[in-house]
Each structure stands twice: as structure tokens, then as C-alpha cells.
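User: Please examine one part of this model closely, together with its surroundings. A single connected account would be preferred.

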Amino acid sequence: MTNTTTAVSRRSALALGGSALALGLSGLTAQAQQVVKVGLILPMTGPFASTGRQIEAAAKLYMAQKGASVAGKTLELVVKDDTGTPDVTRRIAQELILNDKVSVIAGFGLTPLAMSTAPIATQAKVPMVVMAAGTSIITDASPFIARTSFTQAQSAATMGNWAAKNGVKKVVSLVSDYAPGHDSEKFFAEAFKADGGEVLQSLRVPLQNPDFAPFLQRVKDAAPDALFVFVPSGVGAVLMKQFIERGLDKSGIRLIGPGDITDDDVLNGFGEAAVGTITAHLYSAAHPSALNKAYVEAFKKANNNMRPNFMSVGGYDGMHLIYEALKKTNGATDGAGLVEAMKGMAWESPRGPISIDAATREIVQNIYIRKVEKVDGELYNVEFATVENVKDPVKAGRK
Ligand code: PHB
């Protein structure tokens, strides 16, 4: 906290110094003002590096497609690696605001990283675009936050309704033991039970270096109709490997969950055992729209054939939100004005139609029910049902 206050008051002092300078060096300052910086803070190394890689690639693709010039300003992206460590994220945010004079901070690959930084956005009055993290409370942590990713509750509740109505009666749930896992567990169970389902056991595994084996043994012994799983993007491959090694794929226990488990970044490496996995999620690289086909093609072309995943669209759409907000303010970078401009924005994303709820700054989007299938020799999440315009269940009633 002390650090934060220092950062902000130093920032004001610098700003004052800046305007005094501007009087004498108006030409130079005018030139400097042409650049609007966006600080993109992501885990580029460590277990969640795939999230950073995907979002950075998508943000850069958006800028390459639209050009860096927006509302008479030149947009500059400053990318920083927070290694997935909350204290580092917060420190980098402070430095970006104080030293680099960024007008927007963006990224935030995990919930704890977003939560540690939210007070900085509030105190510095700098918009914070959450492009990845998915716990419902995040948008309540600062009035300067807008989210272009998802909430776990959106997918988990949709999965709960679908499962109960489609022959799944008994479930064991298995989630990473931190906030988005707790949201997944809670909102799945509520929806599933409301439609007549029964949760036999709710298991939680450590977020860091999880060993799923003992938990999967308990699942096997409980013999539910389905195992509901949430692990964050980047961890799904480990779980799937152990699921298969333990023979759960052949035990008749279906694998269901939010789509983090069948992440497009790693899905194609899973092999035949993943075929048939049913998930509820916001994005599939196989989403059958013209916009998405063009997106996947351009993304792969620019990134050595890497397939875009659901994290990537959070980055791509986050850049769109920043560009369009700047257009609305005619290039003005006042934080409150930019956030105001973001509220209620609606557009077509590669994932489908999306909007930013004006009352909550939360994303509203379709949630698709998908099944892993082999298409042209590759594994994809093939969408077969759509629940339209899903609001975060926690905030659904807010006006
Ligand atoms: C999160 O920490 O909020 C998070 C990270 C990765 C996911 C989902 C949620 O796949």
C-alpha cells in the first residue's frame, strides 16, 4: 500500500513537472503526446506461459491488422513478463504507470495477478483491461476494470444445466484450489443440482505442480457418470495424460467441464482418448464464422502455425476495446473517460457476438456446448449448441 501511494503521488508530481515543461517546450511535448502507451502484463515464462504467448500474439495481430494509428494518436504496446507472480504484476503495473506513462494496463493471466493489481488501477485512475483471468469478483475489485475474457461461472453454470438435462446424474468435481476453481465448483454444482443432478464429491487439487493421480483414483472408485474438471489453461495436458494413464478414459466415466481442459493450445496433442469430451466454453478455433476463419488463418500465419486458443480472443478483443474507446474519446486518455467509453460497447469477436455490460464492465457472451472431434485429422472442440448472451451469474441481476 505504501508503495502504491508513493507511486501515485510521485506520478502527480511528475505530471505537474510535465505541464511546466510543456509551457517551455510545447513542440516537443506535443510530439510526445502523440503516443498512447498500453502496458501489457502477462506470464511469459513459467507454467502459465502459454497464456502470455497467446495473448501477446493476438494483441500484436490486432495491431498489425488495424495499424498503430488510432484517433490521431500512435498506439504503442509495452509487453512485460510477470512470471505469473502477483507481487511482480503489481510492481510492473506501478512502474509502467509511473515511468512509462502508460494510459492503459492490460493482460492479467491469472486471478491473483489481477486482484493484486486492481488497487493500483483505482488509485492511479488508469483503465485495467482484464484479458484472461476469470473469477467473478475481479470486475468488482476496481471501477477501472473492464473484462474481455470470461468468467468461470458463465461456463460452469452452463455446463451444469446441460449435463443434468443430458443424462448425467452423478458427478465428481475436481478443481484447482484457488478462486476460479472455487467459482467453477460452486456454479457448476448449483446449476447441476437445480436441474436434478447429484455431486458425489468435490475435490480440490493444488494450483502449483499438481499430482492428479491420487485424486483420479478416488474418482475411479466413486464411479460417477462424469468427472467435472477445471484446471487453468496450461495445466490441462498434465491432467489429460494422467486421466488416460489411470484408464479413466476406458472406465465409462465421461469427462466434462469448462473448456479450459480442452484448450486449443494443447488439444491436438491429446490423442484419440480426448475424443468425445464435452465442455462449455466461449471460444473454439473451429467456431464456424467467417470472421473466425480469417482470424485463425491470420493468427497461424503470423505465429509459426500456432492455433489460437480462448485466451487469445481475450487479448484480441481487449485491443479492440481499447482502440474503440480511444476513438470515442477522440484520443483523450483520461482514465475515467476511457472506462466510460468502454461501457456498453458491443461487437463481433472471432468467438461470436460480445458486449461489455454497462453496469458491471463485465463481458457478456455466448457459451457454446462443444464435443472434441477429429476434423481433417486434427482434434477440435466442435460446437453443437449455443446459449446466447450469457451474463456472469453473480451479476446477472445488476442494472
Ligand atoms: C484465472 O486464474 O482466473 C484463470 C486462469 C486460467 C484459466 C481460467 C481462469 O484457464
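Analyst: **Helix 7 and its surroundings**

Gly196, just after helix 7, adopts a positive phi of about 100°; helices (H or I, at least four residues) and strands (E, at least two) are DSSP runs, numbered from the N terminus. The model is predicted, with local features requiring pLDDT of at least 70 and side-chain atom pairs pLDDT 80 or more, whereas totals for chains, interfaces and linings use all residues. Residues are numbered from 1 along each chain as its sequence is written, and side-chain values use heavy atoms, without hydrogens or water.

Helix 7 comprises the 16 residues 179–194. Its first and last C-alpha atoms lie 22 Å apart, close to the 22 Å expected at 1.5 Å a residue, where the expected span is 1.5 Å times one less than the number of residues. Its buried residues (under 20% relative accessible area, exposed being over 50% and partly exposed in between; 1.4 Å probe, protein chains only) include Pro180, Asp183, Phe187, Phe188 and Phe192. The buried residues pack, through contacts (heavy atoms within 4.5 Å), against helix 5 (111–124) and helix 6 (152–165), as well as strands 7 (170–176), 8 (198–205), 9 (226–230) and 10 (254–258).

Phe188 also figures in the largest nonpolar core (buried Ala, Val, Leu, Ile, Met, Phe, Trp, Tyr and Cys joined through side-chain atoms within 4.5 Å). Of its 101 residues, Phe188 is among those touching the most other members, as are Leu174, Leu227 and Ile256. Helix 11 (residues 310–328) supplies the largest share of this core, 10 residues. Leaving aside neighbours within four places in sequence, Leu227 contacts residues including Leu174, Phe243 and Ile256.
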